[in-house]
Amino acid sequence: MIGPKTAKPTAAEETRAYAAATERDRGWCVRCGRAGAVERDHRQNRSQGGLTVPSNLQCLCPTCHAWKTHNPAAAVLEGFAVPGWGNPAEWPAYRADVASWVLYFDAPDGFGNWWIEITQATADALMTGGL
């Protein structure tokens, strides 16, 4: 899952990525489904090389964001964080609104979809290097 280095997005690209993630997640927390006051969160921390691109962003309510911060290992296993060596575009994310695992895109596909749903088995395989 380790890929080549990617250039850091410009400030304008980061602004567009935050807006895209907020629109994709409809301003709802992807972990608990709470609407309203959400924070845009980097799935892979910037300190670990995470870029501000849609596949690396998610909306979390303050409660779920605090949970992720205080439970980093569980956050990885439950699909709300990406380890430093992972690639966010290839690391499964869990979405409460669809009750499913997904892989995020950095732009919508030809049908306007921002993600593809995957099975639990595929998510497990991707997170353990089984594919």
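**Fold, cysteines and backbone of the predicted model**

Arg16 lies in helix H1, which covers residues 11-24. In this predicted model, Arg16 is exposed, and its relative accessible area is 53%. Between the C-alpha atoms of Arg16 and Cys59 the separation is 15 Å, with the two positions 43 residues apart along the chain.

The protein is built from four helices and five strands. Their order along the sequence is α-β-β-α-α-β-β-β-α. The radius of gyration is 14 Å, close to the 14 Å that the globule rule gives for 131 residues, so the protein is as compact as a globular protein of that length. Along the principal axes, the C-alpha trace spans about 35 × 35 × 30 Å. Buried residues make up 41% of the 131 residues. When contacts between residues at least 6 apart in sequence are considered, 50% of them join residues at least 24 apart.

The surface exposed by the protein amounts to about 7,000 Å², of which carbon and sulfur atoms supply 58%. The side chains include 12 positive and 13 negative ones, and the centres of these two sets lie 6 Å apart.

Helix H4 spans residues 120-128 and contains the buried residues Ala123, Ala125, Leu126 and Met127. The packing partners of the buried residues of H4 are helix H3 (72-77), strand E4 (100-104) and strand E5 (115-118). Gly129, just after H4, has a positive phi of about 75 degrees.

The cysteines were examined for disulfides, and the structure holds zero. For Cys29, the closest cysteine sulfur is that of Cys64, at 3.7 Å, which is too far for a bond, because a disulfide requires the two sulfur atoms to be within 2.5 Å. Cys64 is likewise in no disulfide, its nearest cysteine sulfur being that of Cys61 at 3.6 Å. Cys29 is buried at 2% relative accessibility, and Cys64 is buried with a relative accessible area of 4%.

Cys29 is placed in the loop that runs between H1 and strand E1 (39-42). Leaving aside residues up to four places away in sequence, Cys29 touches Arg34, Val38, Cys59, Leu60, Cys61 and Cys64. Three of the residues contacted by Cys29 are therefore cysteines, namely Cys59, Cys61 and Cys64. The C-alpha atom of Cys29 is separated by 20 Å from that of Ala107, a residue 78 positions away along the chain.

Backbone angles were also considered. Most residues other than glycine have a negative phi. Arg26 has a positive phi, near 55 degrees, although this residue is not glycine. Arg26 is found in the loop between H1 and E1, the loop that also holds Cys29. Arg26 is partly exposed, with a relative accessible area of 44%. A positive phi is likewise present at Ala99, where the value is near 45 degrees, again in a residue other than glycine. Ala99 belongs to the loop between strand E3 (93-95) and E4. With a relative accessible area of 54%, Ala99 is exposed.

Key
Residues are numbered from 1 along each chain as its sequence is written. This is a predicted model: local features need pLDDT of at least 70, side-chain atom pairs count only at pLDDT 80 or more; totals for chains, interfaces and linings use all residues. Side-chain values use heavy atoms; hydrogens and water are left out. Helices (H or I, at least four residues) and strands (E, at least two) are DSSP runs, numbered from the N terminus. The radius of gyration is taken over C-alpha atoms; the globule rule is 2.2 Å times the number of residues to the power 0.38. Buried means under 20% relative accessible area, exposed over 50%, partly exposed in between (1.4 Å probe, protein chains only). Contact means heavy atoms within 4.5 Å. Accessible areas come from the Shrake-Rupley method with a 1.4 Å probe; for residues, only the protein chains shown count as cover. Lys and Arg count as positive and Asp and Glu as negative; His and the chain ends are not counted. The place of a charge is taken as NZ of Lys, CZ of Arg, CG of Asp or CD of Glu.
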